[in-house]
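User: I have a structure to go through with you. Can we start at the binding site once it is up?

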Amino acid sequence: MSAALRGDSHRPANEAEIREWASLPDARLIALARSVADSVHGKEVLLRGLIEVTNECGMDCLYCGIRRSNGEVERYRLSDEAVAATVEAGLAAGFRTFVLQGGESENLRGDGLLKLTEAARKAAGADSAITLSFGIRSRREYEELRAAGADRYLMRFETADPELHRYLRNGMTLRRRLEALEDLRAAGFQLGSGFMTGLPGETGETLIANIVLAAELDLDMGGVGPFIPHPKTPLADASGGTIELAIRATALLRLALPACHIPATTAAGTLHPEGRERMLEAGANVLMPNITPVGAKKNYLLYPGKICLDESGFQCVGCLSVRALGRGLTLSWNRGDAVGLRKRGTVGVIAAGAPG
Ligand code: SAH
Ligand code: SF4
């Protein structure tokens with residue numbers, strides 16, 4: 001059964017449906033996923049401007065190139081002014097969503113991230129969306145960031161396997177990650193999460209569990225990235241994910257969450273020259289040009305070989321447009337809020353004011 005034939009084409013899928021799709025051969029699965037993306041999102045690909053604010057991180061995730069223990073990283077943190085200037089340049093170029101991402105830096109504790117969010121909100125004006133991605137924080141901090149004008153938050157659960165999660169995130173538990181995602185939802189954020197594919201120790205069941213968890217979380221935004229081993233991490237000798245697996249995961253995510261905004265990720269573009277196009281073909285509907293100032297970009301290496309390090313993300317838009325067009329898709333500058341956001345809001349209002 002295809003999501004489009006389920007009657008309610010926006011409803012997250014259940015496990016039985018996900019298992020059925022997971023048994024399909026690649027070509028059939030991908031075609032089905034693209035047809036669902038077409039019916040819900042049309043032929044448009046939303047653009048988001050990505051700003052990598054800092055590579056300072058107090059965490060030690062085994063897979064990540066900027067983990068605390070990698071002493072060879074040249075650490076940086078963009079000033080609030082530099083982030084604001086980048087947002088202003090992005091606004092002038094046409095972007096209406098800015099994604100601020102970084103490590104869990106001590107320098108962003110206290111009111112550091114709050115001040116940064118306020119500066120970005122001021123620069124972005126009232127009509128653009130601000131997305132944050134700075135890992136786990138307290139519910140109170142999330143509430144403050146929301147009040148300061150952040151609209152969305154991205155935090156992947158990385159893997160739905162609790163044992164693997166604890167091992168790969170150096171003792172941090174999946175349960176804590178999920179609590180933080182709940183806190184974000186409660187604070188009123190549009191919620192993004194997702195996972196990597198091809199992590200060492202994964203099985204076919206891990207992929208099913210990842211998709212089931214994404215559907216249960218009813219994500220507004222969902223990212224899939226192939227794991228790419230970084231030479232200066234404990235996982236240097238792991239084999240990493242294949243592009244085929246990342247594409248299958250993207251298609252399954254699209255079928256499980258028809259309304260979700262799904263990026264064609266840079267990691268896929270790094271692993272294969274047409275990785276992003278293939279993700280679009282499998283139902284992705286977002287591209288995130290990296291508009292971080294070029295001087296900082298080369299130091300934000302979560303994995304090796306990252307593409308487009310020497311050019312500004314503003315130059316990338318032309319290239320991405322050609323890539324999308326090659327798959328029959330066009331780029332969109334709309335801010336692209338969560339599908340059903342207004343509906344959810346309205347339901348709340350109606351429920352609150354409903355008689356009896
Ligand atoms: N510190 C924040 C955000 C930055 S990391 C956080 O951890 O949530 C952003 C994402 O990069 C992570 O969620 C992870 O899925 C991805 N990532 C890290 N190392 C990677 C690698 N070696 N290969 C592919 N993706 C990686
Ligand atoms: Fe830090 Fe995120 Fe990398 Fe983990 S994945 S080490 S939290 S930047």
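User: What is the distance from an oxygen atom of ligand 1 to an N or O atom in the side chain of Arg-156?
Analyst: In this predicted model, that distance is 2.9 Å. It is a polar contact, a term for a pair of N or O atoms within 3.5 Å; within protein, one must be able to donate a hydrogen and the other to accept it, and residues adjacent in sequence count only if both atoms are side-chain atoms.

User: And Glu-158, how far is its side chain from an oxygen atom of ligand 1?
Analyst: An N or O atom of the Glu-158 side chain is 2.5 Å from an oxygen atom of ligand 1. Ile-228 uses its backbone: an N or O atom there lies 2.8 Å from a nitrogen atom of the ligand.

User: How much of ligand 1 does the protein bury?
Analyst: The protein buries 93% of the 540 Å² that ligand 1 exposes when taken alone. Those areas come from the Shrake-Rupley method with a 1.4 Å probe; for residues, only the protein chains shown count as cover.

User: How many residues surround it?
Analyst: 16 residues surround ligand 1, each with a heavy atom within 4 Å of it. Tyr-63, Arg-156, Glu-158, Arg-177 and Ile-228 are the closest. The shell divides into nine nonpolar, four polar and three charged residues. Here Ala, Val, Leu, Ile, Met, Phe, Trp, Tyr, Cys and Pro count as nonpolar, Asp, Glu, Lys and Arg as charged, and the others, Gly among them, as polar.

User: Ligand 2: which residues surround it?
Analyst: Cys-57, Met-59, Cys-61, Tyr-63, Cys-64, Ile-66, Arg-67 and Gly-103. By class, that shell has six nonpolar residues, one polar and one charged.

User: Ground rules for the model?
Analyst: It is predicted, so local features need pLDDT of at least 70 and side-chain atom pairs count only at pLDDT 80 or more, while totals for chains, interfaces and linings use all residues. Residues are numbered from 1 along each chain as written, chains are lettered from A and ligands numbered from 1 in the order written, and side-chain values use heavy atoms, leaving out hydrogens and water.

User: Switching to α9. Mostly covered or mostly open?
Analyst: Mostly covered: twelve of its 14 residues are buried, meaning under 20% relative accessible area, with exposed over 50% and partly exposed in between (1.4 Å probe, protein chains only). Among the buried ones are Arg-248 and Arg-254.

User: And over the whole chain, what share is buried?
Analyst: 55% of the 356 residues.

Key: Helix = DSSP H or I, 4+ residues; strand = E, 2+ residues; numbered from the N terminus.
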